[in-house]
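Please walk through the model below, beginning with a single aromatic residue and widening the view step by step to cores, strands and charged pairs.

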Amino acid sequence: MKKYRLGLLLVAVTCGVSLISTNVSYASTSNFQTRGNKIDNPISDSLPAVELPDGGFLFGPGTFKSEDGKGNVSIIDPNDTDLKVTTVGQAKKDEGIVNNSQLGELFSTFVALPSPGTSRGSVATQNYTLKANQGYSEGMQGTGWRYAKYLFKPAAGTGDYLQWRDYGDSGIVERAENVKVHNGYALYPGQSIWATAHTGSGALLGTTFSSINPIPGSYYYVLNQ
């Protein structure tokens, strides 16, 4: 795991300085709230989990809405789709995640661990609008800066924040235009960040995640909760 010293993080958060050694410019904390190692409302193992062709999981109740860079909107209905639909609990079992104290509470009880796969080499141009208690999890793998496959924003009427958490390796969270230039808030394994996101219409709206040289087995999740 990449080593970021706590002291440097605190300086970066309070002063907004750029840490040249990590190629990350830390953004202002005005758009963020952090809560480390805290589960507010654990995701139920009985909730639907939709496995996307890229290996990531959408999970939670209801349908899922996405918009691409050309303005095309699509809906995934877990009750009417050709995609693999399972449950959060079964997805964890399929990925070898069991309720085992060796893995730790956060690792084993919150969300499905996604299948590994090579992550994007550039910032995404497609977003998902997450309704209440909906989320997405994705493995991170590759050399250099790797990016989440999607942007994410909260559905209207559900507030302005999405919760982010990562495991295995560190990364940054921010809006697309900032993550593109590696400017974001540092997210460390097991730490939660609540980040504001654009909620209007447009494929580039929302927040996203990036990590540099993520170690094998790294993944993140984003949740509207």
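**From one tyrosine outward**

Y219 has a relative accessibility of 2% and therefore counts as buried, where buried means under 20% relative accessible area, exposed means over 50% and partly exposed lies in between, with a 1.4 Å probe and protein chains only. This is a predicted model, in which local features need pLDDT of at least 70 and side-chain atom pairs count only at pLDDT 80 or more, while totals for chains, interfaces and linings use all residues. Residues are numbered from 1 along each chain as its sequence is written, and side-chain values use heavy atoms, with hydrogens and water left out.

The protein has 225 residues, of which 49% count as buried, and it contains four helices and 18 strands; these elements are DSSP runs numbered from the N terminus, helices being H or I with at least four residues and strands being E with at least two. Among contacts with a separation of 6 or more, 74% are accounted for by residues 24 or more positions apart, a contact being heavy atoms within 4.5 Å. The accessible surface comes to about 9,900 Å², and 50% of that belongs to carbon and sulfur atoms, the areas being obtained by the Shrake-Rupley method with a 1.4 Å probe, where for residues only the protein chains shown count as cover.

The structure holds nine aromatic pairs, a pair being rings of Phe, Tyr and Trp (its six-membered ring) whose centres lie within 6.5 Å, with planes under 30 degrees apart counted as stacked, over 60 as edge-to-face and the rest as tilted. One of these pairs is formed by Y150 and F152, which are edge-to-face at 6.4 Å centre to centre with 75° between the planes, and Y150 and F152 are both buried. Another is formed by Y167 and Y219, which are stacked at 5.1 Å centre to centre with 20° between the planes. This stacked pair links distant parts of the chain, since Y167 is in strand β13 (residues 161-167) and Y219 in strand β18 (residues 218-223), 52 residues apart. Like its partner, Y167 is buried, because its relative accessibility is 5%.

Y128, Y136, Y150, F152, W164, F209 and Y220 form one aromatic cluster. Which residues have the most contacts inside the largest nonpolar core? They are Y128, F152, W164 and Y220, in a core of 22 residues, where a nonpolar core is a set of buried Ala, Val, Leu, Ile, Met, Phe, Trp, Tyr and Cys residues joined through side-chain atoms within 4.5 Å. At least two residues of this core come from each of β9 (127-130), β10 (135-140), β13, β15 (183-187), β16 (191-196) and β18. Once neighbours within four places in sequence are set aside, the contacts of F152 include Y128, L130, Y136, L162, W164, Y220 and V222. Another core, of 11 residues, lies apart from the largest one and has F59, Y167, Y219 and Y221 among its members.

Strand β12 (residues 151-154) has L151 and K153 pointing one way and F152 and P154 the other way, and all are buried. β9 and β12 pair in the parallel sense over four bridges, strands being taken to pair if DSSP finds at least two bridges between them, and T129 has K153 in β12 as its bridge partner.

Elsewhere, strand β4 (residues 48-51) runs antiparallel to strand β8 (residues 84-87), the two being joined by four bridges, and P48 has T87 in β8 as its bridge partner. β4 is also joined by three bridges to strand β5 (residues 57-59), again antiparallel, with E51 standing opposite F57 in β5. The hairpin of β4 and β5 has five residues between the strands, and in it G55 takes a positive phi near 100°.

The structure holds two salt bridges, defined by a side-chain nitrogen of Lys or Arg within 4 Å of a carboxyl oxygen of Asp or Glu. E51 forms one with K84, the closest N and O atoms being 3.9 Å apart; because E51 lies in strand β4 and K84 in strand β8, the pair ties together parts that are 33 residues apart in sequence. K84 counts as partly exposed, at 45% relative accessibility. The side chains of E138 and K149 meet in the other, at 3.4 Å from N to O, and since E138 lies in strand β10 and K149 in the loop between β11 (145-147) and β12, that pair ties together parts 11 residues apart in sequence. E138 is buried, with a relative accessible area of 1%, and K149 is buried as well, with 14%. Leaving out residues up to four places away in sequence, S119 touches residues including E138 and K149.
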